[in-house]
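This report covers strands, helices and internal cavities. The structure comes first, then the sheets, then the empty space.

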Amino acid sequence: MIDLTANDAKPLRPSRKKPFFPVKEELNDYLIKHGRAINLPCGYNDLFRFNYAVPLRDKAGNDTYWETVSYDSREWDYLRESLVRIYAALKTEGDLSFTEQLDVARIDFCGFGNSQPFRIRIVNKFNDNYDHYYIKPIDASRVYGLELEHLLSPNRITFLANKDTLVEEHIPGIPGDVFIEQHMHKPDANPIRLAKEFVKFNERCFVRLLGDMRAYNFIVNITPDIEDVQYRIRAIDFDQQSYEGRRNLYLPQFFKENFPFVQTAQKYLNKSSIAQYQAEERTLIAFRIKSSRARIKELLDILRDDIIAPDHKVKQLSEELAEYFNQPTFLRCTTMGQLIESQLKQTLRKSQLLTSQGIY
């Protein structure tokens with residue numbers, strides 16, 4: 001059990017530059033089988049043919065780390081049609097009957113961060129309502145992270161892959177750092193429910209070894225409830241799926257950017273409550289495994305033999321998990337995929353007994 005009642009937030013930092021790992025044939029076949037891989041009319045590298053870029057600022061005039069890019073007319077006409085078709089593939093399974101009322105309002109580029117994504121704003125020409133999606137370079141670890149999020153978390157997520165390109169839907173919500181600054185201490189906030197959700201989010205990340213969940217890499221959704229509100233914390237960045245060697249980098253509680261959430265948990269929850277919420281989350285993950293057992297086994301079989309981290313990081317994480325759980329079986333793992341499988345079995349053992357079905 002991870003103890004959030006102690007002062008655990010530390011100034012941890014993941015690797016500055018994580019390399020991209022190729023999507024091997026077995027993973028690509030899996031993506032095709034489950035409707036994730038399709039032919040796209042344009043790719044990530046096509047979007048770099050812009051002429052110039054201007055900084056994009058928020059409503060308060062602050063820098064957003066994004067730039068709005070512009071293209072010449074011939075390039076723009078080609079990209080606009082292609083990007084609308086990609087949106088149709090993402091949202092309506094390729095039904096193009098709606099595309100006449102859609103247009104590309106803006107393309108933004110972010111050079112900050114590992115994936116350097118393009119953000120596409122699609123607008124409905126009839127009512128000016130808009131939506132976003134992202135185009136990024138493909139990376140096997142990110143693909144595994146997205147798929148594990150879809151299968152093991154309470155959130156479904158849509159993405160498409162093709163050769164060198166990854167297309168991700170926009171995940172709406174308040175960025176964690178903005179939530180801390182602007183929403184956490186409002187009079188109508190419910191700190192107890194927020195603390196409970198952070199404990200559950202912390203547990204979800206650790207169980208499936210999703211790293212680098214600093215405040216700006218997740219969002220907070222606020223849902224009105226009977227006489228109150230509920231919170232849901234969702235990851236939005238999956239670059240660090242099982243890449244780092246340090247165990248603490250898979251626990252959001254250890255990042256100094258998240259310390260306000262940790263303080264809230266320390267103030268409003270005791271050890272018994274934290275243990276209860278952790279057990280609840282593990283049980284829910286076990287039920288999700290039970291309902292998608294064949295697909296999860298198929299993914300883990302591929303992931304077990306894939307390389308998504310250097311050997312020295314695998315060795316370090318296997319040693320730290322073996323010491324933490326006092327379980328030497330982790331020391332036999334030679335890939336991150338094997339560690340994920342062992343981690344799921346170790347952390348969900350009691351919950352799987354309750355659901356009467358294991359990973360296999």
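## Basis

Two strands count as paired if DSSP finds at least two bridges between them. The model is predicted.

## The three-stranded sheet

E8 and strand E9 (residues 218–225) are joined by two bridges and run antiparallel. One of the bridge pairs sets Ile-174 against Val-220 in E9. Helix H5 (residues 191–208) packs on this sheet and touches E9 and E10. The direction of H5 makes about 20° with that of E10.

E9 and E10 also run antiparallel, with eight bridges between them. Here Phe-218 has Ala-235 of E10 as its bridge partner. The hairpin of E9 and E10 has two residues between the strands. Within that hairpin, Glu-227 takes a positive phi near 60°.

Together the strands form an open sheet in the order E8-E9-E10, with antiparallel pairing. Strand E8 (174–175) and strand E10 (228–235) each have a single partner strand, so one side of each is left without a neighbour in the sheet.

## The seven-stranded sheet

A second open sheet has seven strands, in the order E1-E2-E3-E4-E5-E7-E6. Its pairing is antiparallel. Strand E1 (52–57) and strand E6 (159–162) stand at the edges, each with a single partner strand, so each has one side without a neighbour in the sheet. From one strand to the next, the twist averages 30°.

How many bridges join E6 to strand E7? There are four, and the two strands run antiparallel. Leu-160 has Val-167 in E7 as its bridge partner. Strand E7 spans residues 165–169.

## Helices on the seven-stranded sheet

Helix H2 (residues 73–92) lies across strand E3 (102–109), strand E4 (118–124), strand E5 (130–137), E6 and E7. H2 runs at about 100° to E3. Helix H3 (residues 140–152) packs on the sheet as well, touching E5, E6 and E7. The direction of H3 makes about 30° with that of E7.

## The largest cavity

Rolling a probe the size of a water molecule over the atoms shows where empty space is left. The structure holds two cavities of 30 Å³ or more. The largest has a volume of about 50 Å³.

Which element supplies the largest share of its lining? H5 does, with four residues. H5 and E10 each supply at least two. The lining includes Phe-201, Arg-204, Cys-205 and Arg-208. Ile-233, Arg-234 and Ala-235 are also among the lining residues. By class, the lining divides into five nonpolar, two polar and four charged residues. Ala-235 thus appears twice in this account: in the lining of the largest cavity and as the bridge partner of Phe-218.

## The second largest cavity

The second largest cavity holds about 30 Å³ of space. Its lining is Leu-148, Glu-149, Leu-152, Ser-153, Arg-204, Arg-208 and Ile-285. H3 and H5 are the elements that give two or more residues to this lining. H3 gives the most, with three. The classes are three nonpolar, one polar and three charged.

Some residues recur. Glu-149, Ser-153, Arg-204 and Arg-208 line the largest cavity, and Glu-149, Ser-153, Arg-204 and Arg-208 also line the second largest.

How values were computed
Residues numbered from 1 in each chain as written. Predicted model: local features only at pLDDT ≥ 70, side-chain atom pairs only at ≥ 80, totals over all residues. Heavy atoms only, no water. Contact = heavy atoms within 4.5 Å. Axes fitted to C-alpha atoms, helices over the stretch in contact; angles between N-to-C directions. 1 Å grid on protein atoms, 1.4 Å probe; cavity = no way out; pocket = protein on both sides within 12 Å on 5 of 7 lines; lining within 4 Å. Points joined across faces, edges and corners; volume = space filled by probe spheres on them. Nonpolar A, V, L, I, M, F, W, Y, C, P; charged D, E, K, R; others polar.
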